[in-house]
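Welcome! Take a moment to turn the structure around on your screen, and then let us walk through its pockets, its rings and one of its strands together.

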Amino acid sequence: MSKEAIKKQVLDAFDHRVAVRVYNDQEISREDMEFILETAWLSPSSIGLEAWRFVVLNRKQIERLRDDLKAVAWGAQSQLDTASHFVLLLAEKNVRYDSDSVKDSLVRRGLGEGDALNSRLATYESFQKNDMKTADNLRALFDWTAKQTYIALGNMMTSASMIGIDSCPIEGFNYDKVNAILAKAGIINSDKEGIASMVSFGYRLRDPKHPRSRKPKNEVITWLE
C-alpha cells in the first residue's frame with residue numbers, strides 16, 4: 001500500500017469516528033478487541049513507566065456492574081445499556097522516582113543495575129522535584145500517570161475506527177464512587193490505582209444527527225516559518 005493510500009485510510013478512520021452513545025446489539029469479536037487492546041499495550045508512556053492497566057468488560061461483566069455504575073456515571077447511561085465492551089483505564093498511584101514501579105520499569109528495559117540505574121533514578125528525581133514539582137504530592141503524581149492513559153485511549157479509538165468499530169470516551173462520572181464500586185467488586189486495589197477514564201466500544205445504532213464541526217484549522221494549527 002502506498003503512503004498516500006495509508007494516509008487516506010487513517011484520515012478516513014478519524015473522520016468516521018464520533019462519540020457514539022447508543023450501539024446496536026452486534027458483538028465485537030474477541031479477536032477484534034484483542035487487536036484494539038494491543039494498540040493500548042504498545043502505546044508510549046512518560047519515562048517508559050507504563051503505570052496503567054486496561055480492564056476489559058464484556059456485556060456480561062457490564063451487566064454485573066451496570067446498576068451501580070449508572071447511579072454515579074451520568075456520562076455513560078446509554079453506553080452501559082448498549083455497548084458491546086467497556087475498557088476501564090486505570091492509573092497507578094504514588095509513582096515517585098524511588099518507587100518500585102519506577103525501578104521495575106528500568107529493570108524491564110535493561111537499565112536495572114549499577115551506575116545506569118542510579119543515573120536514571122537521579123534524573124527522574126530531578127524531573128519530579130524540580131520540573132514537575134510532583135514528588136511529594138500524591139494527587140499530582142496520580143494526575144501525571146492518569147493523563148498518560150489518554151495516549152492509549154486515543155490509540156484504541158483510532159485503531160477501532162480503522163476496523164469499523166465505534167467508541168465513546170467517558171469522563172462523566174463520580175471518580176471516588178466509581179473507584180469504590182471497582183474496589184468492592186475486586187477489580188482494583190484502591191491503595192495502588194484509580195480510574196482515569198472509561199471508553200465504550202460497539203457498533204453505532206445510527207449515524208449522528210448533526211454534521212461534524214471543528215474550529216477552523218488555521219486557528220488550531222500554527223506553523224512557525
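How do the residues of the lining of the largest pocket divide into nonpolar, polar and charged? Seven are nonpolar, three are polar and five are charged. Keep in mind as you read that this is a predicted model.

**The largest pocket**

The largest pocket has a volume of about 300 Å³. It is lined by 15 residues, and Lys93, Arg139, Phe142, Asp143 and Ile195 are the closest to its centre. You can also look at the lining by element: helix H7 (138–162), helix H8 (175–184) and strand S4 (193–202) each supply at least two residues. H7 gives the most, with six residues.

**The second largest pocket**

Now move to the second largest pocket, which holds about 250 Å³ of space. One part of its lining is made of Val18, Ala19, Val20, Arg21 and Val22, and the other residues that line it are Leu205, Arg206, Asp207, Pro208, Lys209 and His210. By class, this lining has six nonpolar residues, one polar residue and four charged residues.

**Rings that pair up**

How many aromatic pairs does the structure hold? There are three, and two of them are set out here.

| Aromatic pair | Centre to centre | Between the planes | Arrangement |
|---|---|---|---|
| Tryptophan 52 and phenylalanine 54 | 5.4 Å | 45° | tilted |
| Phenylalanine 173 and tyrosine 175 | 4.2 Å | 35° | tilted |

What about the surroundings of these rings? Tryptophan 52 and phenylalanine 54 are both buried. In the other pair, phenylalanine 173 counts as buried because its relative accessibility is 6%, and buried means under 20%. Tyrosine 175 has a relative accessibility of 29%, so it counts as partly exposed; that class lies between the 20% limit for buried and the 50% limit for exposed.

**A strand and its partner**

Finally, find strand S3, residues 166–170. Why is S3 described as largely enclosed by the rest of the structure? The reason is that four of its five residues are buried. S3 is joined to S4 by five bridges, and the two strands run antiparallel. To see this pairing for yourself, look for proline 169, which stands opposite valine 199 in S4. You have met S4 already: this strand also supplies at least two residues to the lining of the largest pocket.

Methods
Residues are numbered from 1 along each chain as its sequence is written. This is a predicted model: local features need pLDDT of at least 70, side-chain atom pairs count only at pLDDT 80 or more; totals for chains, interfaces and linings use all residues. Side-chain values use heavy atoms; hydrogens and water are left out. On a 1 Å grid over the protein atoms alone, a cavity is a set of points where a 1.4 Å probe fits but cannot get out, and a pocket is an open set with protein on both sides within 12 Å along at least five of seven lines; lining residues have an atom within 4 Å of a point. Grid points are joined across faces, edges and corners, and a volume is the space filled by probe spheres set on the points. Ala, Val, Leu, Ile, Met, Phe, Trp, Tyr, Cys and Pro count as nonpolar, Asp, Glu, Lys and Arg as charged, and the others, Gly among them, as polar. Rings of Phe, Tyr and Trp (its six-membered ring) pair if their centres lie within 6.5 Å; planes under 30 degrees apart count as stacked, over 60 as edge-to-face and the rest as tilted. Buried means under 20% relative accessible area, exposed over 50%, partly exposed in between (1.4 Å probe, protein chains only). Two strands pair if DSSP finds at least two bridges between them.
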